[in-house]
Amino acid sequence: MRLADGIRKHGFRKWYERELLGSHGWMVLLFLCTIGLFAAFEGLSQSTGSDARLGNLVAIGLCGVVGVVALRRYLYLLLHAEAVANQAVCEQCDTYGRLEVMAEDRGGERLRVRCRRCGHEWTIED
Ligand SMILES: [Zn+2]
């Protein structure tokens, strides 16, 4: 979901909370992949049959690929949410996160927002 659509649908604070929850879900998957990776390496070091070795090698490859995807997704969602949250403070009244989207540029990368408390307008870059 694009930033403007997410803020319009849920409000800024709920959007931010959902982004953080989503990113931490990816972090949990990364943690599980790390455990799977260690278990597969241990299984590989103790296995004697070729089928068991092949199974452990497949598990290592699978956990490695899924873990890298999960790490990239976790970092992207977390850093994106933080970058937007750093711009969500009204410069006039210092209110955090009480804003509404007024307009967005064509690509949705720049949002014109207005403070719900004092009406001040500013731009947030996605
Ligand atoms: Zn304000």
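Start with the sheet in this predicted model: it is open, has 3 strands in the order 1-2-3, and pairs them in the antiparallel sense. Strand 1 and strand 3 are the edge strands, each pairing on one side only. From one strand to the next, the twist averages 35°.

**Strand 2**

Select residues 110–115, which form strand 2, and show the side chains, which alternate along the strand. Leu111, Val113 and Cys115 point to one face and are buried. Arg110, Arg112 and Arg114 point to the other face and are not buried.

**Strand 1 and its hairpin**

Add residues 99–104, strand 1, which pairs with strand 2 in the antiparallel sense over 5 bridges. To check the register, pick Glu104: the residue opposite in strand 2 is Leu111, one of the buried side chains of that strand. Then move to the hairpin of strand 1 and strand 2, where 5 residues lie between the strands. Gly108 in this hairpin takes a positive phi near 75°.

**Strand 3 and its hairpin**

Next select residues 121–125, strand 3, which runs antiparallel to strand 2 and is joined to that strand by 5 bridges. Two bridge partners can be picked out here. Val113 is partnered by Trp122, and Arg112 by Thr123. Of the strand 2 residues in these two bridges, Val113 points to the buried face, whereas Arg112 points to the other. The hairpin of strand 2 and strand 3 has 5 residues between the strands, and Gly119 takes a positive phi near 85° there.

**The loop before the sheet**

Step back to Asp94, in the loop between helix 3 and strand 1. What is the sign of phi at Asp94? The value is positive, near 65°, in a residue other than glycine. Most residues other than glycine have a negative phi. Is Asp94 buried or exposed? Asp94 has 10 other C-beta atoms within 10 Å and is therefore exposed, the cut-off for that class being 12 or fewer.

**The helix pair**

Finish with helix 2, residues 12–46, and helix 3, residues 50–85. These helices pack at an angle of about 160°, and their axes are 7 Å apart. Because angles over 145 degrees count as roughly antiparallel, helix 2 is roughly antiparallel to helix 3. The crossing of the two helices is left-handed. Colour the contact of helix 2 with helix 3 by residue class: 23 residues are nonpolar, 9 polar and 3 charged.

Technical notes
Residues numbered from 1 in each chain as written. Predicted model: local features only at pLDDT ≥ 70, side-chain atom pairs only at ≥ 80, totals over all residues. Buried ≥ 20, exposed ≤ 12 C-beta atoms within 10 Å, placed from the backbone. Helix = DSSP H or I, 4+ residues; strand = E, 2+ residues; numbered from the N terminus. Pairing = 2+ DSSP bridges. Axes fitted to C-alpha atoms, helices over the stretch in contact; angles between N-to-C directions. Parallel < 35°, antiparallel > 145°, perpendicular 65-115°, else oblique. Left-handed = near helix turned anticlockwise from the far one by under 90°. Nonpolar A, V, L, I, M, F, W, Y, C, P; charged D, E, K, R; others polar.
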